[in-house]
Amino acid sequence: MSDFTRNEMMTIVAARALKNDDVCFVGIGAPSAACNVARLIHAPQITLIYESGTIGTRPNVLPLSIGDGELCETALCTVSVPEMFRYWLQGGRITVGFLGGAQIDKFANINTTVVGDYNKPKVRLPGGGGAPEIATNCQEIFITMAMGKRAFLEKLPFITSMGHGPTGAERRAMGVKSKGPTRLITDMCVFEPDPVTMEMTIRSIHPGVTREEIAENCGWTPRYFDDCSETPAPTAQELEVLRDIQARTKAAHAA
Amino acid sequence: MAKFMSLADAVAENVRDGDVVAMEGFTHLIPFAAGHEVIRQGRKHLTLIRMTPDLIYDQLIGMGCADKLVFSWGGNPGVGSTHRIRDAVENAWPHQLEIEEHSHAAMANAYEAGASNLPFAVLRGYIGVDLPKVNPKIKSVTCPYTGEVLATVPAHRPDVGIIHAQRADREGNVLIEGITGCQKEVVLASKRTIVTVEEMVDKLDTPSFNSTVLPHWTVGAISVVRGGAHPSYAQGYYTRDNSFYIAWDKVSRDRDTFLAWMKDNVLDKTPDAFAAHAKKSDAKAAHAEKSDAKAAHAKKGA
């Protein structure tokens with residue numbers, strides 16, 4: 001299989017990271033696509049939870065918002081938003097939180113709040129939503145984001161949700177018991193934290209991507225694991241499932 | 001005590017200049033008709049509370065109704081920016097907007113604390129993040145039993161809580177189905193309330209023993225506004241108008257285009273205009289209604 005875009009590659013690799021017995025708190029956008037591709041291929045029993053309160057949802061088309069009716073209609077049950085955040089997220093029931101973001105640093109801290117000074121912003125972004133508490137209350141965090149110099153920064157202007165902390169040490173020092181970001185899946189490669197420094201380090205490179213390209217699209221000098229490998233290319237089935245759900249989604253939202 | 005009245009009267013009686021107002025509905029059941037009525041009546045200096053300001057507060061803020069926004073995620077869901085809110089925050093247009101920013105968990109907890117008649121909410125949140133540095137209302141408390149330091153936020157106690165729901169019976173008992181968000185909490189936390197509903201029915205016909213119902217004695221004004229949540233949706237009645245949310249990006253980007261749209265579709269209209277949106281989506285909702293009815297039947301039988 002050779003004909004695929006880097007975005008498709010990213011979504012499929014993100015989908016592969018999920019397991020059948022995961023209880024996954026799903027962010028909107030790329031995470032939502034990945035989670036549903038996983039459900040439709042290798043993880044049919046996965047529990048997908050959206051912060052609007054839908055538990056065990058099985059949407060036929062990807063939702064535009066985290067609260068589309070499709071999510072509620074296909075869910076096992078729907079709870080109120082306070083219950084969602086208190087019992088299910090804070091209660092420690094979620095195995096994986098799946099986040100996207102606008103900007104990220106090498107310790108997987110995320111900014112979705114503001115570019116520039118908070119009180120005089122250059123660009124005002126949407127804000128944290130559920131992410132600040134998802135980041136610490138889920139057992140582990142997967143992040144999926146396309147690479148770019150404006151997105152992958154040495155230092156963030158604002159920390160909306162904590163990865164491993166500004167120097168990689170803070171999360172542990174604060175005694176946060178959950179693992180935090182264990183995978184950062186991009187359109188070019190997959191990062192995992194170095195077990196000692198917690199710096200996000202490249203575990204595998206997607207087919208057709210060079211180290212030079214990665215360096216050009218990363219705001220810090222990326223490190224590689226010694227046994228860094230090539231990410232297996234998407235299979236025909238993976239591509240078909242992803243393209244099908246995206247086509248259904250496009251048709252549904254244009255109607 | 002629930003009192004049926006026109007939406008214009010409900011807003012005139014309950015929403016005053018300078019009020020703290022919460023219009024809730026988490027993506028679902030957003031009270032757009034009520035928001036438009038507040039704009040038409042020219043309310044000013046409001047403090048607007050909502051987890052996701054969505055297009056409803058983009059419109060209120062763009063029309064200059066608010067001095068302050070309390071929120072936790074301010075985008076156009078799945079589409080991009082809420083441009084009027086950005087213009088207010090970045091360029092003070094049409095005037096300066098103060099913001100008080102939280103996380104979803106904190107906002108949900110703050111509503112629950114308000115409904116529970118508590119002064120503040122406590123949560124395991126805001127760990128290792130920058131929001132507490134820019135929002136002085138985020139504080140902490142040490143657990144007297146374990147010593148754990150936990151985040152606190154003040155309870156939400158709005159002057160007016162406004163929601164949209166599926167239906168009310170003649171006594172004014174209100175049924176909410178589907179994604180219920182914080183709607184029950186916001187009504188119980190607020191001093192005065194306005195509830196718009198899709199329809200008034202003789203019998204509420206609750207689908208399960210555990211349905212989300214607001215008893216009539218917890219509700220203030222009730223107005224029947226068919227389609228009143230458009231372009232948001234009402235589960236079992238009509239679906240979310242996702243194409244409207246996508247189109248709003250273009251409408252709201254430019255100040256003049258926005259103002260022209262608001263004149264044609266809000267200032268020059270009445271709440272009755274919303275019924276057309278409900279009708280337009282009827283076909284799309286037919287499927288949803290069928291599966292709702294099936295689900296309700298199964299639950300009753302169980």
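Mentor: Let us begin with a definition: a nonpolar core is a set of buried Ala, Val, Leu, Ile, Met, Phe, Trp, Tyr and Cys residues that are joined through C-beta atoms within 7 Å. Keep in mind throughout that this is a predicted model.

Trainee: Which residues have the most contacts inside the largest nonpolar core?

Mentor: They are A:C24, A:F25, A:A34, A:V37, A:F98 and B:L60, in a core of 154 residues. Its largest share, eight residues, is given by α5(B).

Trainee: How do you know where this core lies with respect to the two domains of chain B?

Mentor: Domain 1 (3-102 + 157-292) and domain 2 (123-154) of chain B both contribute residues, and therefore the core lies between them. The centres of these two domains, taken over C-alpha atoms, are 31 Å apart.

Trainee: Taking A:V37 as an example, what does A:V37 touch beyond residues up to four places away in sequence?

Mentor: With those sequence neighbours not counted, A:V37 touches A:T11, A:I12, A:A15, A:V241, A:L242 and A:I245. Each of these counts as a contact because its C-beta atom, placed from the backbone, lies within 7 Å of that of A:V37.

Trainee: What makes you describe α5(B) as largely enclosed by the rest of the structure?

Mentor: A residue is called buried if 20 or more other C-beta atoms lie within 10 Å of its own. In α5(B), 12 of the 12 residues are buried, so the helix is largely enclosed by the rest of the structure. The buried residues include B:H104, B:N109 and B:E112. What covers them includes α4 and α5 of chain A, together with β8 (120-123), β10 (149-154) and α7 (183-189) of chain B.

Trainee: How do you know how the span of α5(B) compares with what is expected?

Mentor: Helix α5 of chain B, residues 104-115, has 12 residues and reaches 17 Å from its first C-alpha to its last, which is close to the 16 Å expected at 1.5 Å a residue. The helix is followed by B:N117, whose phi is positive, near 60°.

Trainee: How many residues does each chain give to the contact between chain A and chain B?

Mentor: Chain A gives 44 residues and chain B gives 46. On the side of chain A that touches chain B, the elements giving two or more residues are α3 (69-73), α4 (81-90), β9 (121-124), α5 (131-137), α6 (170-173) and α8 (236-254) of chain A. The largest share of that side, five residues, comes from α4(A). By class, the side of chain A that touches chain B has 18 nonpolar, 19 polar and seven charged residues.

Trainee: What makes β4 and β14 of chain A edge strands?

Mentor: The open sheet has 10 strands in the order β4-β3-β2-β1-β5-β10-β11-β12-β13-β14 (chain A), with mixed pairing. β4 (77-78) and β14 (224-230) of chain A each have a single partner strand, so one side of each is left without a neighbour in the sheet.

Trainee: How do you know that β10(A) and β11(A) are paired, and in which sense do they run?

Mentor: Two strands pair if there are at least two bridges between them, and four bridges join β10 (residues 140-144) of chain A to β11 (residues 181-185) of chain A, the two running parallel. Within this pairing, A:I143 stands opposite A:L184 and A:T144 stands opposite A:I185. With β12 (residues 189-193) of chain A, by contrast, β11(A) pairs over two bridges in the antiparallel sense, and here A:I185 stands opposite A:V190. β11(A) and β12(A) form a hairpin with three residues between them.

Trainee: What makes β11(A) mostly covered?

Mentor: Four of the five residues of β11(A) are buried.

Trainee: What makes B:T27 count as buried, and what is notable about its phi?

Mentor: B:T27 has 28 C-beta neighbours inside 10 Å, and because the cut-off is 20 or more, B:T27 counts as buried. Its phi is near 70°, a positive value in a residue other than glycine. In the loop between β2 and α2 of chain B there is also B:L29, which is buried with 30 other C-beta atoms within 10 Å and has a positive phi of about 55° although it is not a glycine.

Trainee: Why is the peptide bond from B:W93 to B:P94 called cis?

Mentor: Its omega is near 0°. B:P94 is found in the loop between α4 (83-91) and β7 (98-101) of chain B. Another cis peptide bond joins B:H230 and B:P231, with omega about 5°, and B:P231 is in the loop between β15 (221-224) and α8 (242-253) of chain B.

Technical notes:
Residues are numbered from 1 along each chain as its sequence is written. Chains are lettered from A and ligands numbered from 1 in the order in which they are written. This is a predicted model: local features need pLDDT of at least 70, side-chain atom pairs count only at pLDDT 80 or more; totals for chains, interfaces and linings use all residues. Two residues are in contact if their C-beta atoms, placed from the backbone, lie within 7 Å. Ala, Val, Leu, Ile, Met, Phe, Trp, Tyr, Cys and Pro count as nonpolar, Asp, Glu, Lys and Arg as charged, and the others, Gly among them, as polar. The expected span of a helix is 1.5 Å times one less than its number of residues. Domain bounds come from an automatic or database domain assignment.
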